[in-house]
Amino acid sequence: MVLDSTENTSAKELTSTHQIFEQVIRTSEDMHELGILLAKQLKAGDLVILIGPLGAGKTTLTRGVGEGLGVEGNVSSPTFVIARTHKRECQAPLVHVDAYRLGSPSALDDLDIPFASSIALVEWGKGLTDDISEHWLEVEISRDTSGETEERQIKITGYGDRWAGVSI
Ligand SMILES: Nc1ncnc2c1ncn2[C@@H]1O[C@H](COP(=O)(O)OP(=O)(O)O)[C@@H](O)[C@H]1O
Ligand SMILES: [Mg+2]
């Protein structure tokens, strides 16, 4: 049987992509500042996937987002609790997820996170969030492989029309 090629195309392939930011970040303070700037673009229903190895700066960036959003409480790694909600007065909360120990999209689903009414940042979330939203951001952080500097290369890509024309 020959399938119509459009039926064979995944939703992600049909989603528009938008390059939003690409730069070298030299220090953890600069990473924090980038988080504050990123926060200005975020609203309820937004989903941000943070990609990068251990120590890349995913939590450092999220801490900046938390400051930018003016959340209650300190943002720290949710490695052991998996997800932590940081409230804001009369505004969408920040939900910070560390999906490292979640093996599948259904394990993330079991957490019952109200994504539509939250701003969600998910460390190690790549491949787990495909059915959650039609639009999302991917933040890719890579380290200087020579190990000589603490520089991080950051690339932020928006998926879906929500991110058309958005820049940081
Ligand atoms: N340019 C940089 N960007 C981000 N973090 C940096 C940078 N330089 C040094 N660091 C340090 O690297 C560590 C990053 O840790 P963290 O944010 O917890 O990473 P992850 O959540 O990706 O595992 C922090 O100790 C931070 O101070
Ligand atoms: Mg982390």
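1. Two strands are said to pair if DSSP finds at least two bridges between them. In this predicted model, pairing of that kind builds an open sheet of seven strands, whose order is β1-β7-β6-β2-β5-β4-β3 and whose pairing is mixed. Strands of a sheet pair through backbone hydrogen bonds, either parallel or antiparallel.

2. The edges of the sheet deserve attention before its interior. The edge strands are β1, residues 17-25, and β3, residues 83-88, and each of them pairs on one side only. On average, neighbouring strands of this sheet are turned by 15 degrees against each other, direction ignored.

3. How do β1 and β7 pair, in the parallel or the antiparallel sense? The sense is antiparallel, and eight bridges connect β1 with β7, which covers residues 152-159. Glu 22 has Lys 155 in β7 as its bridge partner.

4. On to the pairing of β7 with β6. These two strands are antiparallel and share eight bridges. Trp 136 has its bridge partner in β7, namely Tyr 159. Val 139 likewise faces a residue of β7, standing opposite Ile 156.

5. Parallel pairing appears between β2 and β6, where four bridges are found. Within this pair, Ile 49 stands opposite Glu 138 of β6. A second parallel pair consists of β4, residues 91-98, and β5, residues 119-123, with five bridges. In β5, Ile 119 lies opposite Leu 94, and Glu 123 is the bridge partner of Asp 98.

6. The strands β3 and β4 run antiparallel and are joined by five bridges. Thr 85 has Val 95 of β4 as its bridge partner. A hairpin is formed by β3 and β4, with two residues between them. Which residue in the turn has a positive phi? The residue is Cys 90, with a phi of about 55 degrees.

7. The helix α3 connects this account of the sheet with that of the helices. It lies across β2 (47-51), β3, β4, β5 and β6 (136-143), and runs at about 170 degrees to β5.

8. Two packed helices are described by the angle between their axes and the distance between the axes. For α2 and α3, the angle is about 45 degrees and the axes are 6 Å apart. The two helices are therefore oblique to each other, as angles that are neither under 35 degrees, nor over 145, nor from 65 to 115 count as oblique. Their crossing is right-handed.

9. Residues of both helices make this contact. On the α2 side they include Ser 28, Met 31, Leu 34 and Ile 36, and on the α3 side they include Thr 60, Leu 61, Val 65 and Leu 69. Sorted by class, the contact of α2 with α3 has eight nonpolar, seven polar and three charged residues.

10. The ligand should be examined last. How many residues surround ligand 1? There are 18, and the closest are Ser 28, Gly 57, Lys 58, Thr 59 and Thr 60. The elements giving two or more residues to this shell are α2 (28-39) and α3 (58-69). Of the elements, α3 gives the most, with three residues. By class, the shell has four nonpolar, eight polar and six charged residues.

11. One link between these points may be recorded. Ser 28 is among the residues closest to ligand 1, and Ser 28 also takes part in the contact of α2 with α3. Thr 60 is likewise among the closest to ligand 1 and belongs to the α3 side of that contact.

Terms used:
Residues numbered from 1 in each chain as written. Chains lettered and ligands numbered in written order. Predicted model: local features only at pLDDT ≥ 70, side-chain atom pairs only at ≥ 80, totals over all residues. Near = placed C-beta within 6 Å. Nonpolar A, V, L, I, M, F, W, Y, C, P; charged D, E, K, R; others polar. Axes fitted to C-alpha atoms, helices over the stretch in contact; angles between N-to-C directions. Left-handed = near helix turned anticlockwise from the far one by under 90°. Contact = placed C-beta atoms within 7 Å.
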